[in-house]
Amino acid sequence: MKNETRQPTSQRLEQEARQLDAADPIAHFRNEFYFPETEDGRQEIYLVGNSLGLQPKITRDFVLQELDAWQSRGVRGHFEGDFPWMPYHEFLSETMAGLVGAQPEEVVVMNTLTVNLHLMMATFYRPQGKRNKILIERQAFPSDYYAVESQARWHGLDPAECMVQVEPDEGQNTLSTEKICQAIHSHRETLAMILLPGVQYYTGQVLDMQAITQTAHEFDIPVGFDLAHAAGNIPLQLSDWDVDFACWCTYKYLNSGPGSIGGCFVNSRHSGNPDCFRLAGWWGDDKATRFRMENQFRAIPTAEGWQLSNPPILSAAAVRASLDIFQRVGGMAPLREKSLQLTRFFRDCLEQRLPGQVEILTPAEPAGHGCQLSLQVDLRDIPGKAVFEQLESAGARTDWREPDVIRAAPVPLYNSFQDVFRFVGELARIVDGP
Ligand SMILES: *Cc1c(COP(=O)(O)O)cnc(C)c1O
């Protein structure tokens, strides 16, 4: 009986997936990526681009081009060729800025995410007297949490006293904007900085960055966002929202490879101000006089003024390859449109094939989510972790977060509606049994 009712639903959804794929104007970008394969040679159902984005096929050539330049030109590679290394990071700024809604001079690709968070806090966390607190979420990603804790200690302060931690209301999965703004209001006299995620890594919730920034600025509190799960996932308007700073990595939705170089945004109100304190290095020094070696630091009046070192070119080449694809697909607008359709279809499949058996932590309204759905699949007879492990064995790649969440993110650049259909099929097989 169970099977008789399940079959038609499955067939109807499969047909819908095929139709949606056929009508998808950016479907062909899937062919620009390598998909890992299972042991028996099938393409994995890869829904874990929120953890490590897939490798674009062009990346190899972009990286090899720089290895070749090094091989044939040696040190002259800094100044010669189509993409000389001296200004290499500049080739990335415009497209990267477009993805986060910033001016090119507000964005620089440098270092890695947690390093950039520290560099930004060196500038924006300037505790003075009783204005020494940082607002953060209690369930922040551990690296962000440790970075904030250690910043407090570094200033000789007790983290327990200067971290204001916001968390969802009792019985809620996600943070309300109202609650965050209330916390800002209650601590307006003592907050020195705010650090929050653009997209919360565990629940996939998108925070209202504009409202939070506006409230913080009423009390002159600088605001920074960790965009690890937001960059390349949702449309952002960092300049218009007047965010003070933001940092993100490029190996999640930006497909630039494990540990690749990160992105950083410094609002032009600050980046144009050479007197703005920063931890300095020679690559942030004025390009015209940098090589005079005079030990006279003149900060570049853009986000580049926060650079410390000459950047890793092989990693930056992978970023350039990825940005080439983002540019050709037409930026975030077409991606967001498909992403919303993918998650809508994902929810439909879950509701119809597994009614009442999966709880979705991620907010349902479009403004509240990006690609990722965070699923709680804790059934009486099979624990969530076992469900996750069986998905892995079936070649359905997601990620597990303790205590009980499976995060699955259909990525519009390379995932299809049929990927979503197949994933839910595997999940249903595990939950319903053979
Ligand atoms: C992925 C992620 C990190 C990782 O930091 P790295 O410095 O790149 O290792 C940090 N914070 C958040 C919120 C993340 O999602």
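This passage walks through a ligand site and two sheets in a predicted model.

Start with the ligand. The residues around it are Leu113, Thr114, Phe141, Asp144, Asp226, Ala228, His229, Tyr251 and Lys252. Sorted by class, that shell comes out as 4 nonpolar, 2 polar and 3 charged residues. Two of the aspartates in the shell face nitrogen on the ligand: an N or O atom in the side chain of aspartate 144 sits 2.7 Å from a ligand nitrogen atom, and for aspartate 226 a polar side-chain atom is 3.2 Å from a nitrogen atom of the ligand. With histidine 229 the partner is oxygen, as a polar atom of the histidine side chain lies 3.2 Å from an oxygen atom of the ligand. On its own the ligand would expose 390 Å², and the protein buries 82% of that.

Next come the sheets. As a bit of background, strands in a sheet pair through backbone hydrogen bonds, and they can do so in parallel or antiparallel fashion.

One sheet is open and built from 7 strands, running in the order E2-E8-E7-E6-E5-E3-E4 with mixed pairing. At its edges are strand E2 (107–109) and strand E4 (163–166), each of which pairs on one side only. Going from one strand to the next, the twist averages 15°. Within this sheet, strand E6 (residues 223–226) pairs with strand E7 (residues 245–248) in the parallel sense, over 3 bridges. In that pairing, glycine 224 stands opposite phenylalanine 245 in E7. Helix H8 (residues 209–218) packs on the sheet, where it touches strand E5 (191–197) and E6, and its direction makes about 155° with that of E6. Strand E6 also links back to the ligand site: its range, 223–226, takes in aspartate 226, one of the residues around the ligand.

The other sheet described here is also open, but has 4 strands in the order E9-E10-E13-E12, and its pairing is antiparallel. Strand E9 (359–360) and strand E12 (399–401) are the edge strands, each pairing on one side only. E12 joins strand E13 (residues 405–408) in the antiparallel sense over 3 bridges, and aspartate 399 stands opposite arginine 407 in E13. This sheet has a helix packed on it too: helix H12 (residues 332–353) touches E9, strand E10 (373–376) and E13. The direction of H12 makes about 15° with that of E10.

Methods. Residues are numbered from 1 along each chain as its sequence is written. This is a predicted model: local features need pLDDT of at least 70, side-chain atom pairs count only at pLDDT 80 or more; totals for chains, interfaces and linings use all residues. Side-chain values use heavy atoms; hydrogens and water are left out. A residue is near a molecule or strand if one of its heavy atoms lies within 4 Å of it. A polar contact is a pair of N or O atoms within 3.5 Å; within protein, one must be able to donate a hydrogen and the other to accept it, and residues adjacent in sequence count only if both atoms are side-chain atoms. Accessible areas come from the Shrake-Rupley method with a 1.4 Å probe; for residues, only the protein chains shown count as cover. Ala, Val, Leu, Ile, Met, Phe, Trp, Tyr, Cys and Pro count as nonpolar, Asp, Glu, Lys and Arg as charged, and the others, Gly among them, as polar. Two strands pair if DSSP finds at least two bridges between them. Helices (H or I, at least four residues) and strands (E, at least two) are DSSP runs, numbered from the N terminus. Axes are lines fitted to C-alpha atoms, for helices over the stretch in contact, and angles run from 0 to 180 degrees between N-to-C directions. Contact means heavy atoms within 4.5 Å.
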